[in-house]
Amino acid sequence: MTQAIEIRSVSKMFGTHQAVDDVSLDVPEGSIYGFIGPNGSGKTTTIRMIMNIILPDRGDITVLGERSRGAARDDVSYLPEERGLYKQMPVRRLLRYYGRLKGRRPRDLDPVITQWLETLGLTAWADKRIDTLSKGMAQKVQFIAAVVSQPKLLILDEPFSGLDPVNAESLRDAVLNLRRHGTTIVFSTHDMSAAERICDRIFMIFKGRKVLDGSLDAIQAEYGHDTIRLRLGQGVGALAGLPEIEAINDHGNHQDVRLKSDPQAFLQKLVQRTTVLQFEIAKPSLHDIFIRIARPTTDDLQATGEGAR
Amino acid sequence: MNRVLTIAQSEFLTLVKTKAFIIGILMMPLLMTGFIAFMSYAESHVDTTDRAVAVIDGTGVLFEPLARAADAHNQKAGTGEAKTGPHYLLTRVNLQGRPQEDVTVELSARVKDKDLFAFVEFPDGLLDAEKNLPMRFYAESTTARDLTNWIEDHVNDEIAKRRFSDAGIDQALVRKLTAHADLTTFGLVERGTDGAVVPAKEIDELSRIGIPMFVLVLMFMSVMTGAMHLLNAIIEEKMSKISEVLLGSVTPVQLLLGKLLGVVSVSLLLAFVYFAGGMYALVSFGRSDLIDPALIAWFLIFMISAALLFGAIFLAIGSACSNLKDSQSMVQPAMMLILLAYLGSFVVMRAPESGIAVGLSFFPTMTPFAMMLRMVMPPGPPMWQVVLSLVVLLATTAGVVWAAGRIFRIGLLMQGKPPTLPELLKWIRL
């Protein structure tokens, strides 16, 4: 499979801070790749290096088959998380400007702009200034600004945040439609359920290092053998004092439990204590996996002084 | 290159479409012309209310000639719709043996009642040169300058006439013998290539002060308009992360050059509008001899350099700041450079050939102002000084644009507290 992005042993430091540490990654063409990780983990730095906005200290990045600086820039678009638009510019002029900066000719851009405005229900606002639009509309304009150049690689940072469900759905459809037409999409998000729904593969970076990379199924399989979904006659109280349990996520009518030991032995112990209504070896959600990786360890807490309190 | 032009075009349109630009800059010549026209109309038309003035003439001889002068004045001021000023209606006051104090109190009451506008006293010994007594003018309003000047001038004329007459001297002869000779200032006379003498140009207030002020204000305005716009625009782009999107499409140097080119275009538009207006005015006043295409070309060269130099400085500062508040303190030194250039120009205007003026015109941030002023003020600097100062200015501009590009590259992506000067220097070296 041809790769839209190939990252090989890339590292980046800012002063004494190691922002990205020896990361390698392949993003196949035509896929939707989820980039997840806590704030400050190195996601944005990685994206900026892919965009050629900053250069890595070590390692190579190939984007759409081009390794040289700036070569693939015109076919790569970026929608940053913090939306920025020229407030006093009319919508169509702004979209034309962004498209022209990607080297597209105005006469090629106009039909694309018209089409996108129609798709996202903004036709009536084409000649209005950005500062007259609602937040949701401005966000859709920002999205169109990113896709108006018909990029081969589209990097979206939290594209759905702050949108109402209807608008979020229409943007999600637009993203999936772009993928159907061959666009590779890097989707950076903290919304784990959105990542689960639309991403083919997930990449997680934590403290500058790659900690997850693969399809959702593979990741869940890797983390799934020790998570049990339980429904008990006596509720969560029946789980008190069991040394086999590492963590409990109580959902009220059921509990997700992570075990340190063999589930079969645990089940035998549990039936002696209470009525077991449901015992299912479950796939952990991406949310659970994220928390498991990114939750501060006891060492971390002591290092920051939290553990002393 | 196309992208640089795209950015330049966008910057140009964004700036010239703002209300502040249209009203403040393009409309300024129209507003100024309208204002001057209004002032000149108002001066001659606004107050045409007649002035009734009572005269206590202690000399007994001054009222009659003054009344004749008032008649002449009133005739000149016209009547009805064509009236351009107030009529002076003088009445003589007879004391009829009453104390003068009582009469002045009575006249003051009439002024308060609007029966009179004012009254004036000519003391008994006014004609006596030895006594040198003053006239006294009493009024409620303090806006009677035209009237008091008129009375003072005409009474003094009459007093002088009488004193000369009493001394047996013919005043007409005195006037003839003491006629004032005017001094008119000219430039130098040259012989043209065809051997004919090229007459010297007259140096009047317009060429001595008007043209230099025009040049100074236009240079200042074009530099400030561009620099302030760039500072605000780049901070807005940085705060709203637009710069991050832009850097995904263009290099920092392309972005910087596009923005600079945009404001240079705006400066050229400004210069075009003001030169067109200025030339129209000069031609209207019959002073087309003051239009010098070579000087206009030099002005444009210096103005473009100034717009690039200060634009690059302000862009670099803006890119290093994360918000408008930070930029206000960081921009102070750059503002000082512009203000020093502006204020230093007045030193140059006073003595364009002095050592200090020559020195200032070689200091790069001052050159566009100081050298240009020296060039428009005769006799003008030697050509080698102009060329050398331009070379220094262009070299400095190139260096500053390069350094700004280095700062811009890093500053645009930096957040948090603004960098210190050593940090900025480090960014340039990186």
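**View 1. Right-handed crossing of α2(A) and α4(A).** In this predicted model, the crossing of helices α2(A) and α4(A) is right-handed. By class, the contact of α2(A) with α4(A) comprises seven nonpolar, no polar and no charged residues. The nonpolar set is made up of V91(A), L94(A), L95(A) and Y98(A) from α2(A), which meet V141(A), I144(A) and A145(A) from α4(A). The axes of α2 (residues 91-101) and α4 (residues 135-147) of chain A come within 8 Å and cross at roughly 30°. Angles under 35 degrees count as roughly parallel, and the two helices α2(A) and α4(A) are therefore roughly parallel to each other.

**View 2. The side of chain A that touches chain B.** Contacts between the chains involve 17 residues of chain A and 15 residues of chain B. On the side of chain A, the elements that give two or more residues are β5 (76-79) and α2. By class, this side of chain A has ten nonpolar, three polar and four charged residues. Helix α2(A) thus appears in this view as well as in its contact with α4(A).

**View 3. Open three-stranded sheet of chain A.** Three strands of chain A form an open sheet in the order β2-β1-β4, with antiparallel pairing. The edges are occupied by β2 (17-28) and β4 (58-63) of chain A, each of which pairs on one side only. From one strand to the next, the twist averages 15°. Strands of a sheet pair through backbone hydrogen bonds, either parallel or antiparallel. Strand β1 (residues 3-14) of chain A and β2(A) pair in the antiparallel sense over eight bridges. Across these two strands, E6(A) stands opposite D26(A) in β2(A).

**View 4. The hairpin of β8(A) and β9(A).** Strands β8 (residues 201-206) and β9 (residues 209-215) of chain A pair in the antiparallel sense over six bridges. Within this pairing, M204(A) stands opposite L212(A) in β9(A). Two residues lie between β8(A) and β9(A) in the hairpin. In the turn, K207(A) has a positive phi of about 50°.

**View 5. Domains 1 and 2 of chain B.** The domain assignment of chain B gives domain 1 (49-168) and domain 2 (205-429). The centres of domain 1 of chain B and domain 2 of chain B, taken over C-alpha atoms, are separated by 58 Å.

Conventions
Residues numbered from 1 in each chain as written. Chains lettered and ligands numbered in written order. Predicted model: local features only at pLDDT ≥ 70, side-chain atom pairs only at ≥ 80, totals over all residues. Pairing = 2+ DSSP bridges. Helix = DSSP H or I, 4+ residues; strand = E, 2+ residues; numbered from the N terminus. Axes fitted to C-alpha atoms, helices over the stretch in contact; angles between N-to-C directions. Domains from an automatic or database assignment. Parallel < 35°, antiparallel > 145°, perpendicular 65-115°, else oblique. Left-handed = near helix turned anticlockwise from the far one by under 90°. Contact = placed C-beta atoms within 7 Å. Nonpolar A, V, L, I, M, F, W, Y, C, P; charged D, E, K, R; others polar.
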